[in-house]
Amino acid sequence: MQKNKLSLWLAATILPGILSAHEFSGSHGTVVVDWSVPGVSRVLASGYGDSFGTEAWARDGLPALVEVEGRQCVQGSYFLFDVDDAFAFDIDEAVQVEFLFDRTRSAGFFISYDQNVVAENMRQIEFVESDEIWYSHIVSLERARFANRGESGTDFTIAALDGTWFGDPAAEHKVVLCGLEIKRSFETPEPESLGRLQLTINDEHSRLTPARIGLYGETDRMPLPSAAAVTVNNYEDRTKQIFLRNTHGVVWPWPSDNRYFFYVDGEYDADIPAGEYTLVISKGPEYRQVVQSLSIKSGAVARIETHLQRWVDMPERGWFSGDDHVHMARTPNDNASISAVMQAEDVHVTNILQMGNPFDTHFHQYAFGKNGRYRMGDHALVPGVEDPRTAVRGHTISKNIEEVFRPADRYLRYDQIFAEYRSQGGLSGFAHVAGRLFNVERGLAIDVPLGAVDFVEVLQDGALETELWYGLLNLGFKLIPTAGSDFPYLGAPGSDRNYVYVGDDFTVDAYFEALREQQTFVSTGPILDFTVNNQLMGADISAAPGDLLDIKASASLNPDIGLLDRIELIVHGEVIASANDISVDNSVELRHRMTVEGGTWVAIRAYGADQSLAHSAPVYVTVSGTFENPASVPVVARRMLERLDEFETARADVTEELEAWSVGERLDIMLMEQRIQILERAEEARAIYARMLDRYIN
């Protein structure tokens, strides 16, 4: 570690070369900025960023080099700084950063940085009123680490006040930065000596098994993982550690305030500073967590062997878990490490998605169909696509497909692309229904009534969104509920998952067939059991008025995740019964009998006392061939007609596109050329809604 006391000031120096708007690369839209800062090896910018709690979205704030009163400056929404490792690497001390801004074009900024014990620490700074052109602001970064743990190996970031996910799309998304000084305190304690940790993790059958690991010292600092940790494909980075996000206010429970962790493939070996540590081991919601203390002695080897214990064995019951939304670029050489990550989270089927937009694709998969599958025991990677994908009419997912279909002349005709994937045996639906992002309701309004949509992603980022789904169910449309982590954009792999009833003989094909039959529930932890007249969730029951429905339901939750709160019975979107008498084993049962009056759909949902939740697929009870809700049809149908009206004037707004740096012009052209096709499709959907209104109003 360098010990000379260094005070670094930038009188901004521009290196030769002009920044090109066409140099953005990868899913972040990353570009190197030719701006030299002593003590900083690289200055980067991104169109979309995700580091240390800052979720940046540049929209119209892409970087440019500008001159202000003879001083060379950089202008943009979001900048990342890679501190020179020779100046500071893997430290634990206070660091001061002084920024110099052009006050006339900068109202304030967000800063986030690599801190030892806090994974997300974004801070907002608004400038005081002043007539001065220059504004200097000093930020103290407590317990800075600077271990290259941010996006593209960076250490701290700044973003314009409106340059984040939650910023105003119509606002100015820029700061003008003209100077930067970094001062170290050089208070990082030197480790007195090293010891060795040798960790072995076995499952309940005494077999080596992958797991998620947290290792925290007396100051809650986690030693950097060794080469023995599993490599995680995190955007374009290859990293040994990630953290549990709390950006949107919901975070998976974890028995440490330090939410950084790493994965191991059954065994782990590392030299770490001698001292006292807390070791955390987890393997998804079906296993009990291990939390134990351990001592690392100087020059000694600590051999720790752990046998994980199941809380519940869902495969033994015929249920297998899946994450419908994971992005990791993949070659055949990546299969083993990606599979180890998903096994560590105990996800049996991972829909690993290539992501597209009208201009290009990211997170590339080396093959599709059976040639692209990778199976290790009862855990499989299955390639699919999040594509087509626009903010004009929503992001979509197609899974279990044979080959990619991206017709430029029909890219906005989602129905035709879905039809092609259906002919391949795939399933297609809309992502981000949880969150209602990217105008997804427009896409649902136009494609659901014409039978193009198989599923809706109703659980994501720890949030369950039911309004759109319930509304469409009440119109009489069957839609499979799915859940996905959207790693690396949102949750950790497996944080939001489906359970699918496959039975005794697990295969990938059997999993997707059972999902197609809606034998599934979505969950962030709670386990559901639900039958109507002894038929599983997803079943169709033909009934007549006066028939009785015998409903049996239960929910349970791993106590290491949290306490269960209640279970609810949902009929046509309304809670008609609930139970909250939680037993000592953290479970609850609900029994209910109801008389059929007309067609309906019935489902259950469960909540933990904190963030855990789950929801079943419905059981469809049809009377005279229908299960729709007459009371809801007029309201929902009119709302869908309003969404269809939006296609008349919808435009390609670059501030709504996540990859704004690449999509704009291409999407403008597509929308202009394909609008008439979309409107024709909308008229077909409009006719269906009109018939519904005629049936229940006239």
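Here is a walk through a predicted model, moving from its helices to its sheets and then to a few single residues.

Let's begin with the helices. Two packed helices are described by the angle between their axes and the distance between the axes. With that in mind, look at helix 3 (residues 440–447) and helix 6 (residues 633–645): their axes come within 9 Å and cross at roughly 105°. That crossing makes helix 3 roughly perpendicular to helix 6. On the helix 3 side, the residues that meet helix 6 are Glu-441, Arg-442, Ala-445 and Ile-446, and their counterparts in helix 6 are Arg-639, Met-640, Arg-643 and Leu-644. Sort the residues of this contact by class and you get four nonpolar, no polar and four charged.

Helix 3 also packs against helix 7 (660–697). Here the two axes come within 8 Å and cross at roughly 70°, so helix 3 is roughly perpendicular to helix 7 as well. From helix 3, Leu-444, Ala-445, Ile-446 and Asp-447 take part, while helix 7 brings Ile-678, Arg-681, Ala-682, Ala-685 and Tyr-689. This contact of helix 3 with helix 7 comes out as seven nonpolar, no polar and two charged residues. If you're following along on the screen, pick out Ala-445 and Ile-446: they belong to the contact with helix 6 and also to the contact with helix 7.

Stay with helix 6 for a moment. How far should its 13 residues span at 1.5 Å a residue? The expected figure is 18 Å, and the end C-alpha atoms of helix 6 are 18 Å apart, which agrees. The buried residues of helix 6 are Val-633, Pro-634, Val-636, Ala-637, Arg-639, Met-640, Leu-641, Arg-643 and Leu-644. What covers them includes helix 3, helix 4 (467–474) and helix 7. Notice that Arg-639 and Arg-643 are on that buried list, and that both of them meet helix 3.

Now for the sheets. One open sheet has five strands in the order 21-22-18-24-25, with antiparallel pairing. At its edges sit strand 21 (242–243) and strand 25 (290–296), each of which pairs on one side only. Inside this sheet, strand 18 (residues 211–217) and strand 22 (residues 260–264) are joined by three antiparallel bridges, and Ala-211 stands opposite Val-264.

Another open sheet has four strands, in the order 41-40-43-46, and its pairing is antiparallel too. Strand 41 (535–536) and strand 46 (587–595) are the edge strands here, each pairing on one side only. Strand 40 (residues 527–532) and strand 43 (residues 548–556) run antiparallel to each other over six bridges, and the bridge partner of Asp-529 is Ser-554 in strand 43.

Strand 27 (residues 319–326) is worth a stop. Is it enclosed or open? Eight of its eight residues are buried, so strand 27 is largely enclosed by the rest of the structure. Strand 27 pairs with strand 38 (residues 497–501) in the antiparallel sense over four bridges, with Gly-322 opposite Asn-498. Strand 27 also runs parallel to strand 28 (residues 349–356), joined by three bridges, and here Val-326 is partnered by Ile-352.

Next, zoom in on single residues. Thr-396 lies in strand 33 (residues 394–399) and is buried, with a relative accessible area of 0%. Beyond its neighbours within four places in sequence, Thr-396 is in contact with several residues, including Asp-387, Pro-388, Tyr-414 and Phe-430. Two of those contacts, Asp-387 and Pro-388, are joined by a cis peptide bond with omega near 5°, and Pro-388 sits in the loop between strand 31 (379–386) and strand 32 (389–390). A cis bond also joins Phe-487 and Pro-488, with omega about 5°; Pro-488 is in the loop between strand 37 (480–483) and strand 38.

Why point these out? Most residues other than glycine have a negative phi, and most peptide bonds are trans. On the phi side, Asp-461 has a positive value near 55°, in the loop between strand 35 (455–460) and strand 36 (463–464). Gln-518 has a positive phi of about 65°. You'll find Gln-518 in the loop between helix 5 (508–516) and strand 39 (520–523), buried, with a relative accessible area of 5%.

Definitions and conventions. Residues are numbered from 1 along each chain as its sequence is written. This is a predicted model: local features need pLDDT of at least 70, side-chain atom pairs count only at pLDDT 80 or more; totals for chains, interfaces and linings use all residues. Side-chain values use heavy atoms; hydrogens and water are left out. Axes are lines fitted to C-alpha atoms, for helices over the stretch in contact, and angles run from 0 to 180 degrees between N-to-C directions. Helices (H or I, at least four residues) and strands (E, at least two) are DSSP runs, numbered from the N terminus. Angles under 35 degrees count as roughly parallel, over 145 as roughly antiparallel, 65 to 115 as roughly perpendicular and the rest as oblique. Contact means heavy atoms within 4.5 Å. Ala, Val, Leu, Ile, Met, Phe, Trp, Tyr, Cys and Pro count as nonpolar, Asp, Glu, Lys and Arg as charged, and the others, Gly among them, as polar. Two strands pair if DSSP finds at least two bridges between them. The expected span of a helix is 1.5 Å times one less than its number of residues. Buried means under 20% relative accessible area, exposed over 50%, partly exposed in between (1.4 Å probe, protein chains only).
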